Amino acid sequence: MKMTEIKGLETKELAEKLEAAVASYDQMKLNHAVTPMENPSQIKKARRDIARMQTELRQRELNK
């Protein structure tokens with residue numbers, strides 16, 4: 001996700017997407033440990049998307 005997409009989401013919706021992304025990331029890591037993925041850069045992309053979402057949630061929290 002791009003930051004513009006993340007900023008366009010409601011806070012509740014963003015939190016839900018974050019939970020789903022973390023679950024997906026954990027599953028990718030587990031699957032990659034058992035059977036290597038064809039494209040392991042997906043793990044890196046997922047981790048960065050999670051960080052972007054967490055950053056936006058934290059900024060919203062601080063700006064209240």
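This is a short tour of a predicted model, stop by stop, with something to select at each one.

**Stop 1: the whole chain**

Start with everything shown as a cartoon. You should find three helices and zero strands, so to speak an α-α-α run if you read from the N terminus on. The C-alpha trace spans about 45 × 15 × 15 Å along its principal axes.

Now colour by pLDDT. The chain averages 95, and 100% of its residues reach 70 or more. Where is confidence lowest, and where is it highest? Helix H1 (residues 3-7) sits at the bottom with a mean of 93, while helix H2 (residues 11-34) tops the list at 97.

Switch on the surface for a moment. About 5,000 Å² is exposed, and carbon and sulfur atoms supply 51% of that. Of the 64 residues, 22% count as buried. If you also show the charged side chains, there are 13 positive and 10 negative charges, and the mean positions of the two sets are 6 Å apart.

**Stop 2: the nonpolar core**

Hide the surface and select residues 6, 9, 14, 18, 21, 25, 28, 43, 46, 50 and 53 as sticks. This is the largest nonpolar core, with 11 residues, including Ile-6, Leu-18, Met-28 and Met-53. H2 and helix H3 (41-62) are the elements that give two or more residues to this core. Which of them gives the largest share? That is H2, with five residues. As background, nonpolar side chains in soluble globular proteins tend to be buried together.

Zoom in on Tyr-25, one of the core residues. Leaving out residues up to four places away in sequence, Tyr-25 touches Ile-43, Ala-46, Arg-47 and Ile-50. Ile-43, Ala-46 and Ile-50 are core members too.

**Stop 3: Leu-9, in the loop**

Next, pick Leu-9, which is found in the loop between H1 and H2. Buried or exposed? Leu-9 counts as buried because its relative accessible area is 14%, under the 20% cut-off. Show what surrounds this side chain: beyond four places in sequence, Leu-9 touches Met-1, Leu-14, Lys-17 and Arg-60.

For a sense of distance, draw a line from the C-alpha of Leu-9 to that of Thr-35. The two are 26 residues apart in sequence and 35 Å apart in space.

**Stop 4: Met-3 and Glu-56**

Move to Met-3, in helix H1. Met-3 is partly exposed, with a relative accessible area of 29%. Setting aside neighbours within four places in sequence, Met-3 is in contact with Arg-52 and Glu-56. Try another C-alpha line here: Met-3 and Thr-55 are 52 residues apart along the chain, yet their C-alpha atoms are separated by 9.9 Å.

Follow the contact across to Glu-56, which lies in helix H3. What is the state of this acidic residue, buried or exposed? Glu-56 is buried, with a relative accessible area of 8%. Its contacts, again beyond four places in sequence, are Met-3, Ile-6, Lys-7 and Leu-14. Ile-6 and Leu-14 also belong to the core you selected earlier.

Contacts between residues far apart in sequence turn up across the chain. Among those between residues at least 6 apart, 67% join residues at least 24 apart.

**Stop 5: Ala-23, on helix H2**

Finish with Ala-23, whose place is in helix H2. Ala-23 is partly exposed because its relative accessible area, 46%, falls between the 20% and 50% cut-offs. Compare that with Ala-21, which is in the nonpolar core. One last line to draw: Ala-23 and Glu-13 are 10 residues apart in sequence and 16 Å apart in space, C-alpha to C-alpha.

Methods: Residues are numbered from 1 along each chain as its sequence is written. This is a predicted model: local features need pLDDT of at least 70, side-chain atom pairs count only at pLDDT 80 or more; totals for chains, interfaces and linings use all residues. Side-chain values use heavy atoms; hydrogens and water are left out. pLDDT is the predictor's confidence in each residue, from 0 to 100. Helices (H or I, at least four residues) and strands (E, at least two) are DSSP runs, numbered from the N terminus. A nonpolar core is a set of buried Ala, Val, Leu, Ile, Met, Phe, Trp, Tyr and Cys residues joined through side-chain atoms within 4.5 Å. Buried means under 20% relative accessible area, exposed over 50%, partly exposed in between (1.4 Å probe, protein chains only). Contact means heavy atoms within 4.5 Å. Accessible areas come from the Shrake-Rupley method with a 1.4 Å probe; for residues, only the protein chains shown count as cover. Lys and Arg count as positive and Asp and Glu as negative; His and the chain ends are not counted. The place of a charge is taken as NZ of Lys, CZ of Arg, CG of Asp or CD of Glu.
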